[in-house]
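Dear colleague,

Please find below the structure that I am handing over to you, followed by an account of what was found in it. I should be grateful if you would read the account with the structure open beside it.

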Amino acid sequence: MVHTQHAPLPDRSNAASDDAQHLLKASILPVWLNQRTIGFLGFIWLWIGMAVIIATFQLGAGGVAGLPLLHVVAIIFLANLVLGIVMTLTADIGTEHGLSFAVYLRAPFGLKGTHLPAVSRGIVAAIWFGVQTYLGAIALNGIVEYLWGFDNWVVWYVLFAAIQIINTALGIRAVELLASIAAPCIVAISVWMYFTLDVLAKTQGINIWTFVGDQNVAALGLFFANMAFWSALAVDIPNLTRFLKTTGGQRNFLARNRNVLVAQFVALPVTQAWIALIGGVSFIAAGDWNPVTVIQGQGGGLTLIALLAMVILAQWSTNNAANLIPAALTFVNAGAPRVSYPMALVIAGIIGTASMPWLILDNLFTFLSYYGAVLSAVGGIMVADYYLLRRRRLNVPALYSPTGQFRFFKGFNPAALIAWITGGTMALIFLEYAYAVGFVTALVVYVLLMKGWILRHYPQEEIDSGFNDRFLATSVGRNWVYTQQGHFERLKTDDIPTSALKREDR
């Protein structure tokens with residue numbers, strides 16, 4: 001076997017080795033090219049499943065309260081196109097290096113600093129898991145109550161939560177399989193929902209396309225609200241793209257990320273706009289943003305069961321990919337080596353339940369606005385660090401070394417913390433335009449502080465090397481491989497030894 005040149009390995013002294021165990025766990029090691037199982041269509045199904053959530057109905061209804069339906073749909077579609085640019089940029093962290101969100105944040109924030117934004121995102125994801133599980137439990141309870149008269153949503157909450165956690169624990173293939181089944185069903189039922197609501201509007205003499213509400217709704221405010229809506233997945237999308245199939249040795253950015261592009265620039269914008277449209281039509285036809293409630297009040301039988309089944313599938317497919325996986329990986333990153341991937345999934349379930357999601361629903365968009373504002377700054381830092389400073393090169397072995405370049409000041413990078421606080425604060429002050437303000441402010445502050453301060457005291461090898469290609473992976477047909485000998489090697493897929501560590505999240 002021929003071993004290619006690779007970045008410096010972590011310090012293997014006994015003390016360093018013990019400390020390194022806090023940075024290592026199979027589920028947060030880089031994913032190799034031959035471990036990536038999500039294909040072109042699979043990734044599209046994942047995004048369709050994730051985009052169909054109850055809150056999207058409310059987004060559309062809020063828009064038509066003061067704007068024509070066509071304008072609302074166009075605004076939401078365009079907002080998702082713009083956000084798709086950010087998502088595609090951060091997605092490359094997964095496709096190029098096979099890294100999760102939390103592990104990558106060790107580069108800009110430091111080995112310990114990563115836990116501040118990562119765990120914050122993990123807790124939010126866990127809370128969302130609770131909200132989605134509660135909605136699914138209510139739907140399950142509705143079906144069972146209709147068929148057999150048993151009414152107890154708590155029982156179905158516990159059961160639904162357990163099923164989702166087990167499904168996600170089975171690995172990314174199980175998550176993708178569920179999405180491939182759920183997404184087509186969700187789309188079919190949503191089309192039926194649209195026509196049902198349109199008929200309801202016509203019986204009242206209302207034309208949904210000419211209706212204009214009397215409230216004051218700012219188009220730009222709706223645009224940025226939709227961007228904040230997806231701010232969390234815009235930063236942690238590497239959790240998914242590290243499992244996305246790609247061709248090794250592909251230097252062209254668009255070609256390397258071709259499986260990302262259709263999902264981000266077609267599947268997400270179209271699905272999000274479509275579901276928001278249904279929410280808008282529901283508001284126009286019945287004055288209620290929730291079409292499930294409206295249609296449920298119109299009939300029963302198979303109609304009711306099909307409707308509630310869509311709700312269950314939508315919550316399930318969203319929770320797996322958008323909430324449980326991000327939450328679990330951040331908790332593994334923070335608790336390694338004691339916290340395993342399955343254990344982290346259970347922790348996410350406990351946190352989501354403890355947050356009392358049935359109460360959060362009453363203030364859902366306030367919750368979305370504030371955490372979206374804070375996470376927009378993290379997105380700015382990631383783009384600045386990965387593209388503007390490191391030019392996609394990354395000293396991956398040092399991410400797992402307690403004495404390496406990402407230790408910074410006692411494990412924290414002051415530049416990232418200051419940029420995050422500054423960007424997040426500005427986003428909260430200008431909450432209506434939070435995503436743009438937080439993203440740009442954090443990006444600029446981070447670059448200035450790194451170039452004018454941090455890089456002078458804490459050298460970064462990939463930068464000092466003149467951006468050498470030995471700090472690339474997929475682009476040059478290599479994988480970051482951690483072996484049972486306790487060190488990283490940068491290898492071609494065919495040269496990966498049997499002694500390399502296997503994953504625990506497949």
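In this predicted model, a nonpolar patch on the surface is formed by Tyr-146, Leu-147 and Trp-148, which together have about 390 Å² of accessible area. Tyr-146 belongs to helix H7, which runs over residues 115-148. With a relative accessibility of 44%, Tyr-146 counts as partly exposed, because that class lies between the 20% limit for buried and the 50% limit for exposed.

Helix H7 also has a part in the interior. The search of the whole structure gave four cavities of 30 Å³ or more, and the largest of these has a volume of about 140 Å³. This largest cavity is lined by 13 residues, of which Trp-128, Phe-229, Trp-230, Asn-323 and Tyr-371 are the closest to its centre. At least two residues of the lining come from each of H7, helix H11 (231-236), helix H16 (302-335) and helix H19 (364-389).

Two buried residues may be of interest to you for their contacts.

- Ala-107 is placed in helix H6 (residues 106-109) and is buried, its relative accessible area being 0%. Beyond its neighbours within four places in sequence, Ala-107 is in contact with Asp-385, Arg-390, Leu-394, Leu-399, Phe-406 and Phe-408. For one of these partners, Arg-390, the C-alpha atom is 9.9 Å from that of Ala-107, although 283 residues separate the two along the chain.
- Ser-100 is located in the loop between helix H4 (69-97) and helix H5 (101-104). Its relative accessibility is 0%, so Ser-100 likewise counts as buried. When neighbours within four places in sequence are set aside, the contacts of Ser-100 are Ile-28, Pro-238, Asn-239, Arg-242 and Leu-329.

I turn next to charged pairs. Side chains of opposite charge can pair when their charged atoms come close. Eleven salt bridges were found in the whole structure, and three of them are described here.

The side chains of Asp-92 and Arg-392 form a salt bridge with an N to O distance of 2.9 Å. This pair links distant parts of the chain, 300 residues apart: Asp-92 is in helix H4, whereas Arg-392 is in the loop between H19 and helix H20 (396-399). Asp-92 is buried at a relative accessible area of 0%, and Arg-392 also counts as buried, at 13% relative accessibility.

A salt bridge within a single helix is that of Lys-202 and Asp-198, both in helix H9 (residues 172-203) and four residues apart, about one turn of the helix. Here the N to O distance is 3.4 Å. Which end of this pair is exposed, and which is buried? Lys-202 counts as exposed, at 57% relative accessibility, while Asp-198 is buried, with a relative accessible area of 10%.

Asp-469 and Arg-251 meet through their side chains in a salt bridge of 2.9 Å, N to O. They too link distant parts of the chain, 218 residues apart: Asp-469 lies in the loop between helix H23 (461-464) and strand S1 (479-482), and Arg-251 in the loop between helix H12 (238-241) and helix H13 (253-256). Both residues are partly exposed, Asp-469 with a relative accessible area of 28% and Arg-251 with one of 45%.

Finally, salt bridges with shared partners join Asp-92, Glu-96, Arg-256 and Arg-392 into one network.

With kind regards

Methods. Residues numbered from 1 in each chain as written. Predicted model: local features only at pLDDT ≥ 70, side-chain atom pairs only at ≥ 80, totals over all residues. Heavy atoms only, no water. Patch = residues over 30% accessible without salt bridge, like charges linked within 9 Å, V, L, I, M, F, W, Y side chains within 5 Å. Areas by Shrake-Rupley, 256 points an atom, 1.4 Å probe, with all protein chains shown as cover. Salt bridge = Lys/Arg side-chain N within 4 Å of Asp/Glu carboxyl O. Buried < 20%, exposed > 50% of the residue type's maximum accessible area, 1.4 Å probe, protein only. Contact = heavy atoms within 4.5 Å. 1 Å grid on protein atoms, 1.4 Å probe; cavity = no way out; pocket = protein on both sides within 12 Å on 5 of 7 lines; lining within 4 Å. Points joined across faces, edges and corners; volume = space filled by probe spheres on them.
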